[in-house]
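Hi there,

I'm passing along the structure we talked about, and I hope it is a pleasant one to explore. Have a look at it first, and then read on for what turned up.

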Amino acid sequence: MQYRLIEKHDINTLTALRLEYFRETTERAIPEEVLPNTVRYLEEELATGTLVGIVAVEDEQIVAVGLLSLFSIMPTIKNPTGKRGYLFDFYTRPEYRRRGIATLILNQLMDEARNRGVSDLFLNAREMAIPIYERAGFTFLRHEMRGRL
């Protein structure tokens, strides 16, 4: 298994993996605009450097992925640089699960975040992935809220 940063030529495969994830995790219909918007998002964020991704590759096929979105907030006492990261879109094809691949991708993305001066990482975890994130030092937040617009 090889691990590497995502590149522009990976966009179609990453989009297909995202659709695999949706089909596996929901019975809801996937809106048709998701596909072109995903491609556009990946192209734009890769071009600006605000998206970092690690893929696991075996036999020239991407079998797992994890993404990191980089952004800034106003500096705070706890985060004097204001640099933050959001980890998302972790997906491992079913036949490659339970081999530690997601953990290796997570560790590499955490290293990438550190190297870029990020001190706060956030994510939403599916039930089956919570132990992976807890072993990496993630904890649940008490006061985070969300508003849907």
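**What lines the two pockets**

In the largest pocket, the lining is made up of 17 nonpolar, eight charged and five polar residues. Please keep in mind that this is a predicted model.

As for volume, the largest pocket holds about 780 Å³ of space. Its lining counts 30 residues, and Phe90, Tyr91, Met128, Ala129 and Tyr133 are the closest to the centre. If you want to trace the walls, start with α1 (11-25), β4 (83-92), α3 (101-115) and α4 (130-135), each of which supplies at least two lining residues. Which of these elements gives the most to the lining of the largest pocket? That is β4, with seven residues.

Now for the second largest pocket, which has a volume of about 630 Å³. Here 22 residues form the lining, and those nearest the centre are Phe122, Leu123, Thr139, Leu141 and Glu144. At least two lining residues come from each of β4, β5 (120-123) and α4. The largest share belongs to β5, which provides four residues. By residue type, this second lining splits into 14 nonpolar, five charged and three polar residues.

One thing to look for on screen: β4 and α4 each supply at least two residues to the lining of the largest pocket, and each also supplies at least two to the lining of the second largest pocket.

Happy exploring, and best wishes!

Key
Residues are numbered from 1 along each chain as its sequence is written. This is a predicted model: local features need pLDDT of at least 70, side-chain atom pairs count only at pLDDT 80 or more; totals for chains, interfaces and linings use all residues. Side-chain values use heavy atoms; hydrogens and water are left out. On a 1 Å grid over the protein atoms alone, a cavity is a set of points where a 1.4 Å probe fits but cannot get out, and a pocket is an open set with protein on both sides within 12 Å along at least five of seven lines; lining residues have an atom within 4 Å of a point. Grid points are joined across faces, edges and corners, and a volume is the space filled by probe spheres set on the points. Ala, Val, Leu, Ile, Met, Phe, Trp, Tyr, Cys and Pro count as nonpolar, Asp, Glu, Lys and Arg as charged, and the others, Gly among them, as polar.
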